[in-house]
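Work through the following exercises with the sequence and the model open side by side. Each task is followed by a solution that proceeds step by step.

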Amino acid sequence: MKDMIVKRVVVGSLGTNCYIIKNPETRDAVVIDPGADLTVIQDALHRADAVCRLILLTHGHFDHILAVGDLRGISIPVGIHEDDAHMLTERDMFSAIIPYDPRPFEPAEFTFSKEGEYSVAGFDFYVIPTPGHTKGSVCYVFDGMMFTGDTLFKNSIGRTDLGGDENQMMRSLRALRNLPGDYDVFPGHDSPTTLDNERRYNPYLKNA
């Protein structure tokens, strides 16, 4: 398979990174964290000549999931860690402040419970549970690319006071820091980075 093509689309009022990962041999694509702005995401898919076949969620906070219900239609599977799956079907503390909150969605077609390799809708990827920002936060790895959601940012990390846990976050950061090799890191907000860069310069990762 040729190298996967990654397109970053910034959506919603909180500037959430939604990623389109396209297989150039088939046009099939994974969409990670469609947080809002369905039209923007659909336009990005069109311009990339890509067809969404799978939706993956790094966690269940509203700014990462609000376009799920419209994007999935009736046939696109959605995956999320089992500990955050309830966020797709239950309104939460953010619902009162969101201008458009279409939840409850239908439940996810599949959930993750532990680290490992998965093959869904023709895509192979690795799931690393990284609780801390939320109980069910995960990172997805595709061919040397790591999509970290709100666990790891460039020179920073996600907050833990919105349903998270600081001790879990520290354990998750240590696990990422101790991974062998380097990865291109695509976070849930702000600019992409690399794992080596974060090992060198991110004070949270260095001190985890």
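**Exercise 1: A residue in a loop**

Aspartate 49 has a relative accessibility of 39%, so this residue counts as partly exposed. Bear in mind throughout that the model is a predicted one.

Task: state where aspartate 49 is placed, and describe what is notable about its phi.

Solution. Begin with the location: aspartate 49 sits in the loop between helix 1 (38-47) and strand 4 (51-56). Next, recall that most residues other than glycine have a negative phi. Aspartate 49, although it is not a glycine, has a positive phi of about 55°.

**Exercise 2: Another loop residue**

Task: describe the phi of alanine 121, find its place in the chain, and decide whether it is buried, partly exposed or exposed.

Solution. Alanine 121, which is not a glycine, has a positive phi of about 55°. This residue lies in the loop between strand 7 and strand 8 (123-129). Its relative accessibility is 40%, and alanine 121 therefore counts as partly exposed.

**Exercise 3: Aromatic pairs**

Task: determine how many aromatic pairs a search of the whole structure finds, and classify the pair of phenylalanine 110 and phenylalanine 112.

Solution. The search of the whole structure yields eleven aromatic pairs. For phenylalanine 110 and phenylalanine 112, the ring centres are 5.4 Å apart and the planes stand at 75°, so the pair is edge-to-face; the cut-off needed for this step is a plane angle over 60 degrees. Phenylalanine 110 and phenylalanine 112 are both buried. The same reasoning applies to phenylalanine 142 and phenylalanine 147, whose ring centres lie 6.1 Å apart with planes at 85°, so that this pair too is edge-to-face. Both phenylalanine 142 and phenylalanine 147 are buried. As a last step, place these four residues in their wider setting: one aromatic cluster is formed by Tyr19, Phe110, Phe112, Tyr118, Phe125, Tyr140, Phe142, Phe147 and Phe186.

**Exercise 4: A charged surface patch**

Task: name the residues that form a negative surface patch, and characterise glutamate 117 by its strand and its accessibility.

Solution. The negative surface patch consists of Asp3, Glu117, Asp124 and Asp143. Of these, glutamate 117 belongs to strand 7 (residues 116-120). With a relative accessible area of 70%, glutamate 117 is exposed, because the cut-off for that class is over 50%.

Key: Residues are numbered from 1 along each chain as its sequence is written. This is a predicted model: local features need pLDDT of at least 70, side-chain atom pairs count only at pLDDT 80 or more; totals for chains, interfaces and linings use all residues. Side-chain values use heavy atoms; hydrogens and water are left out. Rings of Phe, Tyr and Trp (its six-membered ring) pair if their centres lie within 6.5 Å; planes under 30 degrees apart count as stacked, over 60 as edge-to-face and the rest as tilted. Buried means under 20% relative accessible area, exposed over 50%, partly exposed in between (1.4 Å probe, protein chains only). Patches are made of residues with over 30% relative accessible area and no salt bridge: like charges are joined within 9 Å, nonpolar side chains (Val, Leu, Ile, Met, Phe, Trp, Tyr) within 5 Å. Accessible areas come from the Shrake-Rupley method with a 1.4 Å probe; for residues, only the protein chains shown count as cover. A salt bridge is a side-chain nitrogen of Lys or Arg within 4 Å of a carboxyl oxygen of Asp or Glu. Lys and Arg count as positive and Asp and Glu as negative; His and the chain ends are not counted. The place of a charge is taken as NZ of Lys, CZ of Arg, CG of Asp or CD of Glu. Helices (H or I, at least four residues) and strands (E, at least two) are DSSP runs, numbered from the N terminus.
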